Amino acid sequence: MKIIDFRFRPHTEAILNGIKNSAMFKASCEHMGFDKWKPEPLDKIVADVKAMGVEKTVITGRDCQTTYGSPSNNKSVLEFCRAHPDFFMGFWGIDPHKGMDAVREVEKVIKEYGMKGIATDPYLAHISPCEARYYPIYAKCCELNVPVFITMAPPAQVAGAVLAYTDPRDVDVVARDFPELKIVMSHAGYPFVHEAIYACYRNKNVYMDLSEYEAAPMCETYIRAMKEMIADKIVFASAHPFVDIKDCLANYEKMELPADVKEKVMYTNACKILGLPVASEVSSLRGKTDAQIYDILDKLFKELGKAPR
């Protein structure tokens, strides 16, 4: 099965050092034992992840210079996208406190750098996602027809972060005010589990990933909703290296998702958000040889636990 990872950061030396020494995440990294990671060359990381079946990844930038004084990591996002344009799709981090400079930056990076979307972190900006300073940014994203990625769960020990700024009910307000805007809530709005599920369910333009919380308390509610209510609204995301992508893929195997739900979550939902052509395993039978068709059906039956005789 094809996979798109909607939140991936390669564990190069620069990325690992940037995360664990940042003003925002230093204490959190110490708490989780982030030093276990050993840096690897970018080309090896990409090759290893592709070997797992991952076709593309979304890599997000972060700009919270106003509130934390740290420079943005957008430069590294651009470098990765240029090094492997077939694998990385960049979402540029935007600081809402920069006003019209931030709005002009959105247009520049989409039109000139080829970024595929915009990333925001309300809990690091210390304001709600439905606060007025975000609205010109959302309007520009609508104009350019690009999605916005809203981080909606603060890690532990992040100085100054306020849990209330990750309430999915505020995303519900944004979805009402910008019905043309594709919104992806990262980290599933945890611990506001029911609010996040319903925000996705009632708004056709709201999606979410479960990264870092696939095995957290109350995760069974997310999984049930994924199977029964919002299969079209969840995208796979690992949050690598905060969670090893191998461990994240293993978590999804344990969920025992129906084959059609799994394909949506792992691949086709992301394609729809990103404007990529959707070629499902089933719809791709046309033009295949008999042997190729048998191989595809054999894989599908095995995923369903019904291997053909």
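The paragraphs below walk through a predicted model, beginning with one of its strands and ending at a patch on its surface.

Strand 3 covers residues 88–93. Six of its six residues are buried, so the strand is largely enclosed by the rest of the structure. Its side chains alternate between two directions: F88, G90 and W92 point one way, while M89, F91 and G93 point the other way. Residues on both sides of the strand are buried.

Strand 3 has pairing partners on record here in strand 2 and strand 4. Strand 2, residues 54–60, pairs with strand 3 in the parallel sense over four bridges. In that pairing, V58 stands opposite M89 of strand 3. Strand 4, residues 117–120, also runs parallel to strand 3, and these two are joined over three bridges. Here G93 of strand 3 stands opposite A119 of strand 4. The path from strand 3 to strand 4 passes through helix 6, and the three elements together make a right-handed β-α-β unit.

Helix 6 spans residues 100–111 and holds both K111 and E107. The two residues are four positions apart, which is about one turn of the helix. Their side chains meet in a salt bridge, with 2.6 Å from N to O. The two ends of this contact differ in how much they are covered. K111 is exposed, because its relative accessible area of 56% is over the 50% cut-off. E107, at 23% relative accessibility, counts as partly exposed.

Elsewhere, K262 and E253 form a salt bridge through their side chains, again with an N to O distance of 2.6 Å. K262 is buried, since its relative accessible area of 16% falls under the 20% limit. The K111 and E107 pair, for its part, belongs to a network: salt bridges with shared partners join E107, K111, K140 and E143.

A further salt bridge connects D232 with K264, whose closest N and O atoms are 3.0 Å apart. This pair links distant parts of the chain, as the two residues are 32 residues apart. D232 sits in the loop between helix 11 (219–228) and strand 8 (234–235), whereas K264 belongs to helix 13, residues 259–274. Both ends are partly exposed: D232 has a relative accessibility of 38%, and K264 has a relative accessible area of 26%. Over the whole model, the count of salt bridges comes to 19.

The count of disulfides, by contrast, is zero. Among the cysteines, C81 is buried, with a relative accessible area of 11%. C219 counts as buried too, at 13% relative accessibility. For a disulfide to be counted, two cysteine sulfur atoms would have to lie within 2.5 Å.

The loop between helix 11 and strand 8 also holds M229. M229 is partly exposed, with a relative accessible area of 41%. Together with Y198 and Y201, M229 makes a nonpolar surface patch of about 340 Å². M229 can be part of such a patch because its 41% relative accessible area is over the 30% that a patch residue needs. The loop that contributes M229 to this patch is thus also the one that places D232 in its salt bridge with K264.

Conventions. Residues are numbered from 1 along each chain as its sequence is written. This is a predicted model: local features need pLDDT of at least 70, side-chain atom pairs count only at pLDDT 80 or more; totals for chains, interfaces and linings use all residues. Side-chain values use heavy atoms; hydrogens and water are left out. Buried means under 20% relative accessible area, exposed over 50%, partly exposed in between (1.4 Å probe, protein chains only). A salt bridge is a side-chain nitrogen of Lys or Arg within 4 Å of a carboxyl oxygen of Asp or Glu. Two strands pair if DSSP finds at least two bridges between them. A crossover is right-handed if, with the strands pointing away from the viewer, the path from the first strand over the helix to the second runs clockwise. Patches are made of residues with over 30% relative accessible area and no salt bridge: like charges are joined within 9 Å, nonpolar side chains (Val, Leu, Ile, Met, Phe, Trp, Tyr) within 5 Å. Accessible areas come from the Shrake-Rupley method with a 1.4 Å probe; for residues, only the protein chains shown count as cover.
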